[in-house]
Amino acid sequence: MNSSNPLFSVVIPTYNRPDRLVSCLQSLTQLSYPRDRFEVIVVDDGSSPPIAPVAESFKSSLNLTLLHQNNSGPACARNTGAAQAQGQYLVFTDDDCQPYPDWLTALETALHQQPTALVGGYTVNALPENLFSTASQLLIDYLYDYYNSRQAPSFFASNNFAMATEQFRQSGGFDTSFPLAAGEDREFCDRWLQLGLPLAYAPAARVRHTHHLSLRRFWRQHFNYGRGAYCFHQVRARRIDEQVKVEPLRFYWQLLTYPLSRQSQIRIPQIQTMMLSGLLFLSQVANVAGFFWERSQQKATANPTPAAPC
């Protein structure tokens, strides 16, 4: 790699959220990290109108490249950005995230300790007054505690992780067959582990997540996660001949009681804590519904109903 190239390439897929993108890019201008050591690659996934005026206004304060593609989803957009990256390491975040000033410093420390690792950071809910956003972040916190704190890490969300650029390219990047922004990061982490490469947790690498949710959006989000979960299991089955594993009942019991165990940290009244437990239960109902809906859709596509005879 040329010594003049940056250490980090920050890739941000975006679609029809110019206000969120402004907040994200503004936070990157506040990083306590040498400006010549990172570049920012924004991939416009077919926004209407295009977000060029928003992104280009930051070119004087950031080493920023703007790329365009037809609407193909965030997995494809991340791959598009990664293909143009000049940095030794790739960092992925989303347009509704705002990294903390020491974000890249924390990632650099973790990657120097484990250069071959996929390093995942910590996501902070930036909307604590929104119960649906809080519940959604609690679910991610629980999954991180369950999968990453008690054993070798196995999953990180793609709104805050980093790895060596060359290893990302050798891995094949994100699987673009996923129909939604759901499950493709889980599949990528699973494939990374299958390649014999480690995952490492760096909780000091923090981003704020500003994801406004209503009851309807909350249901749709977790319904789509269920759809992504089915796609993940289908893709994984093609790589590894292994049946779908169902988590034990204690996984779900611990999930429902998780808000109670975190009450002192989230600092909300007990009645709202109980409501959060109810929303986590609802998220699992939506997840199961999405899983079987996607299964029925794919089976119908694979076995279309014969046309009635004339």
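**Entry 1: cores**

I started with the nonpolar cores. The largest one has 38 residues. Phe8, Leu25, Trp103 and Leu104 have the most contacts inside this core. I then asked which helix gives the most to this core. Helix H4, residues 103–113, does, with 6 residues. I note that the model is a predicted one.

I took Phe8 next and listed what it touches, leaving out residues up to four places away in sequence. Its contacts include Leu104, Leu107, Glu108 and Leu111. Phe8 also touches Tyr33, Arg37, Phe38 and Glu39. Gly87, Tyr89 and Val91 complete the list.

I also found a second core, separate from the one above, with 24 residues. Among its members are Ala75, Ala82, Met163 and Cys189.

**Entry 2: helix H3**

Which residues of H3 (residues 74–83) are buried? I noted Ala75, Ala77, Arg78, Asn79, Gly81 and Ala82. I then looked at what covers them. The cover includes four strands: E1 (8–14), E2 (38–44), E3 (64–68) and E4 (89–93). Helices H6 (165–171) and H7 (184–194) are also part of the cover.

**Entry 3: Arg191**

I stayed with H7, where Arg191 lies. Is Arg191 buried or exposed? Its relative accessibility is 12%, so I count Arg191 as buried. I checked its contacts, setting aside neighbours within four places in sequence. Arg191 is in contact with Ser171, Gly172, Gly173, Phe174 and Asp175. Arg239 is another contact of Arg191.

**Entry 4: H9 on H11**

I moved to helix packing. H9 (residues 249–261) packs on H11 (residues 270–302) at about 150 degrees. Their axes are 7 Å apart. The angle makes H9 roughly antiparallel to H11, because the cut-off for that is over 145 degrees. The crossing of H9 past H11 is right-handed.

From H9, I listed Tyr252, Leu255, Leu256, Pro259 and Leu260 in the contact. From H11, I listed Thr273, Met274, Leu276, Ser277, Leu280, Phe281 and Gln284. Sorted by class, the contact of H9 with H11 has 9 nonpolar residues, 3 polar ones and no charged ones.

**Entry 5: H8 on H11**

How far apart are the axes of H8 and H11? I read 6 Å, with a packing angle of about 50 degrees. H8 covers residues 215–239. H8 and H11 are therefore oblique to each other. H8 passes H11 in a crossing that is right-handed. By class, I noted 15 nonpolar, 8 polar and 3 charged residues in the contact of H8 with H11.

Note on methods
Residues are numbered from 1 along each chain as its sequence is written. This is a predicted model: local features need pLDDT of at least 70, side-chain atom pairs count only at pLDDT 80 or more; totals for chains, interfaces and linings use all residues. Side-chain values use heavy atoms; hydrogens and water are left out. Axes are lines fitted to C-alpha atoms, for helices over the stretch in contact, and angles run from 0 to 180 degrees between N-to-C directions. Helices (H or I, at least four residues) and strands (E, at least two) are DSSP runs, numbered from the N terminus. Angles under 35 degrees count as roughly parallel, over 145 as roughly antiparallel, 65 to 115 as roughly perpendicular and the rest as oblique. A crossing is left-handed if the near helix is turned anticlockwise from the far one by less than a right angle, and right-handed if clockwise. Contact means heavy atoms within 4.5 Å. Ala, Val, Leu, Ile, Met, Phe, Trp, Tyr, Cys and Pro count as nonpolar, Asp, Glu, Lys and Arg as charged, and the others, Gly among them, as polar. A nonpolar core is a set of buried Ala, Val, Leu, Ile, Met, Phe, Trp, Tyr and Cys residues joined through side-chain atoms within 4.5 Å. Buried means under 20% relative accessible area, exposed over 50%, partly exposed in between (1.4 Å probe, protein chains only).
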